[in-house]
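Open the model in your viewer and keep the sequence beside it, so that each selection can be followed in both. The tour goes from strand to strand, with a pause at each stop.

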Amino acid sequence: SRVGVVLPAAGSGERLGSAVPKQYIQILGKPLFMYAVEQLISFSWVKTVVLAADDVATMRHFLSSLDDPSKVVVTLGGTSRHESISRALKVLPDECEIAIVHDAARPIVSEQVWKGLVLEAAEHGAAGLTRPLVSTVVQPDLNGFLHATLVRKNFLNSETPQAFSAAILKAAYSKMSDEERINGTECLDLVHRHCNVRAKLVPGPSDLWKVTIPRDLHVCEGTLSALDC
Ligand code: C5P
């Protein structure tokens with residue numbers, strides 16, 4: 001089947017506290033988002049990678065250093081991750097039967113993991129990677145006092161990449177509410193709510209993480225230099 005990838009790469013990455021949006025931060029001489037782009041376009045089974053960026057011209061400038069930029073499309077992102085994905089899906093070529101959603105701020109995933117997700121999505125309509133929770137999740141009340149505590153072993157962190165039947169994902173985004181557009185982040189939730197598709201949850205590798213806070217940049221540099229990307 002033909003696979004297209006949506007890579008939301010807009011937004012400022014506030015939690016990192018950096019002057020440059022995190023997707024553009026240089027890691028070992030290359031902007032962070034380029035690691036995912038270079039890997040994905042090297043796969044023969046990936047037809048197109050759609051990037052959603054705030055600054056389309058800057059993004060295209062970075063991409064011009066690729067040996068073969070022909071598989072990459074850049075479109076304008078939005079003010080939320082969901083909005084950026086929604087816009088990217090509109091330019092995903094129709095012949096892509098499977099749509100993968102990843103993050104520009106996540107550089108390292110093995111080909112075996114990508115392919116495994118595509119197979120699960122082809123069978124179940126949606127599939128996503130998970131990791132066990134590191135800390136317990138608590139819910140505060142409006143005054144900052146404990147309201148509820150989740151039992152840690154009953155929950156997982158939802159990670160990316162996630163893979164979908166492209167038709168299902170596009171249908172879910174076409175039904176997205178304004179509340180979801182602004183506050184939502186989770187594609188698996190959209191296809192569940194709007195298309196009644198329950199994603200297959202696939203345990204992810206332990207080195208799966210997203211660059212979110214400053215410490216992650218050191219981890220990222222260490223891991224990428226060990227991998228010799
Ligand atoms: O900020 P956060 O870590 O949740 O961002 C996850 C991904 O979503 C990043 O790759 C970021 O570039 C993307 N994003 C986006 N548009 C936004 C906000 C975030 O494409 N408005």
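How many of the ten residues of strand S10 are buried? Select residues 156–165 in this predicted model, and you will have strand S10, which is mostly covered, with seven of its ten residues buried.

Next, add residues 126–132, which form strand S7, and look at how this strand and S10 run antiparallel to each other, joined by six bridges. To find one place along this pairing, pick Arg-131, which stands opposite Asn-157 in S10.

Now keep S10 on display and select residues 98–101, the strand S6, which pairs with S10 in the antiparallel sense over four bridges. Two of the partners can be picked out by name: Ala-99 has Phe-164 of S10 as its bridge partner, while Ile-100 is matched with Ala-163 in S10.

Stay with S6 for a moment and show its side chains. In a regular strand, side chains alternate between the two faces of the sheet. Here Ile-98 and Ile-100 lie on one side of S6, Ala-99 and Val-101 lie on the other, and all of them are buried, so that both faces of the strand are covered.

For the last stop, select residues 3–8, strand S1, which pairs with S6 in the parallel sense, again over four bridges. Val-3 is a good residue to click on here, and its bridge partner in S6 is Ile-98, one of the buried residues from the previous stop.

Terms used:
Residues numbered from 1 in each chain as written. Predicted model: local features only at pLDDT ≥ 70, side-chain atom pairs only at ≥ 80, totals over all residues. Buried ≥ 20, exposed ≤ 12 C-beta atoms within 10 Å, placed from the backbone. Pairing = 2+ DSSP bridges.
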